[in-house]
Amino acid sequence: MSATQKVAFYTLGCKLNFSETSTIARNFEDEGFQRVDFSEEADIYVINTCSVTENADKRFKTIVKKAQKVNEDAFVAAVGCYAQLKPEELADVEGVDLVLGATEKFKLTDYLNDLSKNDQGEVHSCEIDEADFYVGSYSIGDRTRAFLKVQDGCDYKCTYCTIPLARGISRSDTLENVLKNAAEIAAQDIKEIVLTGVNIGDYGKGEFGNKRHEHTFFELCEALDEVPGIDRLRISSIEPNLLKNETIDFVARSRTFVPHFHIPLQSGSNDLLKLMRRRYMRELYEDRVARIREVMAHACIGVDVIVGFPGETEERFLETYHFLNELDISYLHVFTYSERDNTPAATMEGRVPKRTRKKRSKMLRGLSAKKRRAFYEQQLGTTRTVLFEGENKKGYIHGFTENYVKVKAPWNPSLVNTLHKVKLTEIAKDGLVRFDFVETPVLA
């Protein structure tokens, strides 16, 4: 294969997918391929799919068309969650040549001996119970932060979720390998690492191919805190029942872990939490938020919530709304429930009309904007450390404080990928925060 072959990638879905795309891309580069942007002409287009929302399924066809517009003779491969759940459906999409399931996606380059177009997409997928081995990965596409995968799969059986069907059982990277990957990232002058996985609080399970826990998530955090060269570590998302006091207290005194937690709630109604088969009640969630506030009053707390789940009456929705309104949190990620094949929730009674789902979603998004604004206002006048991003956004540079306040300043390329102490001064019209440098930065 000539060294001039070009490959382009498109990633749908979560941070975990981004870290895996990055690892697959490095495999291609090791084989002599040149990576190009998805909008450029390539010999191979790889689409890493997601199946968490209905929208992600629909977007897949649009992305295939986009690739074909640039090069109609290009070889198109689909990997990821949707590729595992519905391989035949993807293979039927016009222009798709290869579909790889959960166990095959990291061996993509092994399937590329013949890059000629196929009349029908070729499928290599497995029974999901075969996805019982771990492949470590991390993304380094963005200079300021990297996504480091530490865990994959999930043993929880939430009634709305396809992820256990798409990614298999819970399994973890070895501590030794996570630390090696973290050191590799640090060596590339990346300032922030975001820990990702499907259920990262379950870290340690399956570290040796079985259910024996050699290490816990808390021990992983302790070990990562010691890796030299890392300025910031951020926990992407952690289940409330797996977020232990010892972890919260450790983050409060840690050298590198930032005071930012993203904790899925899904519903503020205990009746709905039971129907969803979540592993906690709202009282436990309330307790976790209170504990964080006790030791880190300035911490940012983000919440996932699902609206329109079967059985969500007006009364149960309002229970969620009032619960969140009174809770001392910083923002919401609102997901509108969509029926997914082969999940118990898809056949449950009490289906909520789409129009009602939309209305409730809008109400919670409004609440999120109010919560974020209140959180930003609380931070005005405080001194924080900002990590600046690499993109020129309409003449401004953006950045995030350690506790996830988004700031803006006039574009200055010298600030990119640097950390600076600032005093937060006011909220601009667009909702971002302006600041003064505590010390005038000495910039090149």
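## A four-stranded sheet

In this predicted model, strand β7 and strand β8, the latter spanning residues 145–149, pair in the antiparallel sense over two bridges. One residue pair can be named here, since the record of bridges is specific: Ser139 has Phe147 of β8 as its bridge partner. As a general point, the strands of a sheet pair through backbone hydrogen bonds, and they may do so either parallel or antiparallel.

The two strands belong to an open sheet of four strands, arranged in the order β7-β8-β11-β12, in which the pairing is mixed. At the edges of this sheet lie β7 (138–139) and β12 (232–235), each of which pairs on one side only.

## A helix across the sheet

Helix α6, made of residues 175–186, lies across three strands, namely β7, β8 and β11 (192–196), and it runs at about 165 degrees to β8.

## Two helices side by side

Helix α7 (residues 217–224) packs with helix α8 (residues 245–253) at an angle of about 15 degrees, and the axes of the two helices are 9 Å apart. Because angles under 35 degrees count as roughly parallel, α7 and α8 are roughly parallel to each other. The crossing in which α7 passes α8 is left-handed.

Which residues of α7 and α8 make the contact? On the side of α7 they are Phe217, Phe218, Cys221 and Glu222, while α8 contributes Glu246, Thr247 and Phe250. Sorted by character, the residues of this contact of α7 with α8 comprise four that are nonpolar, one that is polar and two that are charged.

## Two residues with positive phi

Gln266 is not a glycine, yet it has a positive phi of about 75 degrees. This residue is found in strand β13, which covers residues 260–266. Is Gln266 buried or exposed? Its relative accessibility is 8%, and because buried means under 20%, Gln266 counts as buried.

Asn342, which is likewise not a glycine, has a positive phi of about 65 degrees. Asn342 is found in a loop, the one that lies between β15 (331–336) and α12 (354–379). With a relative accessibility of 72%, where exposed means over 50%, Asn342 counts as exposed. Taken together, the positive phi is found in Gln266, a buried residue of strand β13, and also in Asn342, an exposed residue of the loop between β15 and α12.

Conventions. Residues numbered from 1 in each chain as written. Predicted model: local features only at pLDDT ≥ 70, side-chain atom pairs only at ≥ 80, totals over all residues. Heavy atoms only, no water. Axes fitted to C-alpha atoms, helices over the stretch in contact; angles between N-to-C directions. Parallel < 35°, antiparallel > 145°, perpendicular 65-115°, else oblique. Left-handed = near helix turned anticlockwise from the far one by under 90°. Contact = heavy atoms within 4.5 Å. Nonpolar A, V, L, I, M, F, W, Y, C, P; charged D, E, K, R; others polar. Pairing = 2+ DSSP bridges. Buried < 20%, exposed > 50% of the residue type's maximum accessible area, 1.4 Å probe, protein only.
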